[in-house]
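The following questions and answers concern a ligand site and a helix that contributes to it. Please consult the sequence and the model while reading.

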Amino acid sequence: MPLVLGIDTSCDDTGVGVVENGRVLANEVESQTALHARFGGVVPEQASREHLSALDAVVERALTSAGVTLDDLDAVAATRGPGLVGALLVGLGYGKALAWGLGIPFVPVHHLEAHIAAAVAGSGQSPPFLCLIASGGHTALFAVHEWNAIEQLGRSRDDAAGEAFDKVARLLGLGYPGGPALAELAERGDDRAVALPQPMRHQEGFDFSFSGLKTAVAITLERNPGLRREDVAASFERTVVDALVDVTRRAMAHAGMDRLVVAGGVAANARLRRTMRAENLEAAFPPLELATDNGAMVALAAERRVDVDRARQEQALRTDAAPYLPLAATGEPSASA
Ligand code: KG4
Ligand code: ZN
């Protein structure tokens, strides 16, 4: 199996990883959180500039920590989308140039496939399985029949699950990005103390919607300023997790799949992991350090795809960044990019 360097600059983290034979040798992430925190969200132009100035050093760090040199690499991979286009272009351009300069294959990778690869790594799991992706930008359910036959069963119609965590965290004064801080606060709260509407309760199909819940939390806080913040956090978190579990379980029954993979930043959430276990859903989760955006997951996804065919290699070098890039069409299996 090849030695692959993977780059992710899809949003606000500069991630570079080195992977060999499904094993992560290095996973370096330079976070831009401090830069964006004062704006309460990611400023795309700032993110691109920061990737540009950080990327070279993060690549160096990843190579050093893996104990390899550029000459040892067999392929270079980078996220081509979806994501912020300016941010994507930095990692994609760098990856293409590096591969071309070294005379080795370049592998463009879909960001969501990389999240799935991270969740599957080390679990021994292989298709077919149902995959729940819950991140800051996406909430989606995929039936992964084979790596090249992925069917989308449902998606977020408005806020993604992680986005809802971040927005409610902001309402609770927890700063940006508030998902992990909210989860920490929720551990000390009573998850039945605050009544909130359960999203998607009476809905058919497998789509998600969390913006109504976020609004309900805002109104509740406005009307009841004396509520304990940890109780609001715990009640909100339970409501999101129950909704994710509920729709996922229905989708598994619909697809006739009994194996589940949970991927994306929200896969780091302890209550989600606990609840899935308690509900007897044996899910593969990514290791915590691979749950949120990173470069190692890009290399893991690329390992399957390294293509030494010359014509296809040249085509890979012409790949453009794609800010909107579906992993699969809705309703029918289709080859992923
Ligand atoms: O996958 P990711 O790093 O970025 C995207 O591709 O969007 O996901 C980041 C999201 C953020 O919204 C963050 O608040 C959320 O994942 N997140 C969490 C936790 N850790 C990260 N949400 C809930 N509980 C956590 N422990
Ligand atoms: Zn992501």
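A polar contact is a pair of N or O atoms within 3.5 Å. The model discussed here is predicted.

Q: Which residue has a side-chain N or O atom 3.1 Å from an oxygen atom of ligand 1?
A: A polar contact requires N or O atoms within 3.5 Å. A distance of 3.1 Å to an oxygen atom of ligand 1 is found for an N or O atom in the side chain of His 115.

Q: How far from an oxygen atom of ligand 1 is the polar backbone atom of Asp 293?
A: Asp 293 is listed among the closest residues to ligand 1, together with Gly 136, Gly 137, Asp 166 and Asn 269. Its contact with an oxygen atom of ligand 1 is made by a polar backbone atom, at 2.9 Å. Of the 560 Å² of accessible area that ligand 1 has on its own, the protein covers 87%.

Q: Which helix supplies the largest share of the shell around ligand 1?
A: At least two shell residues come from each of α4 (111-120), α5 (161-171) and α6 (179-186). The shell comprises five nonpolar, ten polar and three charged residues. The largest share, four residues, belongs to α5.

Q: How many of the residues of α4 are buried?
A: Buried means under 20% relative accessible area. The buried residues of α4 include His 111 and His 115, and a polar side-chain atom of His 111 lies 3.2 Å from an oxygen atom of ligand 1. Of the ten residues of α4, the number buried is ten.

Q: Which residue with a positive phi follows α4?
A: The helix α4 spans 111-120. The residue that follows α4 has a phi near 80 degrees, and that residue is Gly 122.

Notes. Residues numbered from 1 in each chain as written. Chains lettered and ligands numbered in written order. Predicted model: local features only at pLDDT ≥ 70, side-chain atom pairs only at ≥ 80, totals over all residues. Heavy atoms only, no water. Near = heavy atom within 4 Å. Polar contact = N/O pair within 3.5 Å; in protein donor to acceptor, adjacent residues only side chain to side chain. Areas by Shrake-Rupley, 256 points an atom, 1.4 Å probe, with all protein chains shown as cover. Nonpolar A, V, L, I, M, F, W, Y, C, P; charged D, E, K, R; others polar. Buried < 20%, exposed > 50% of the residue type's maximum accessible area, 1.4 Å probe, protein only.
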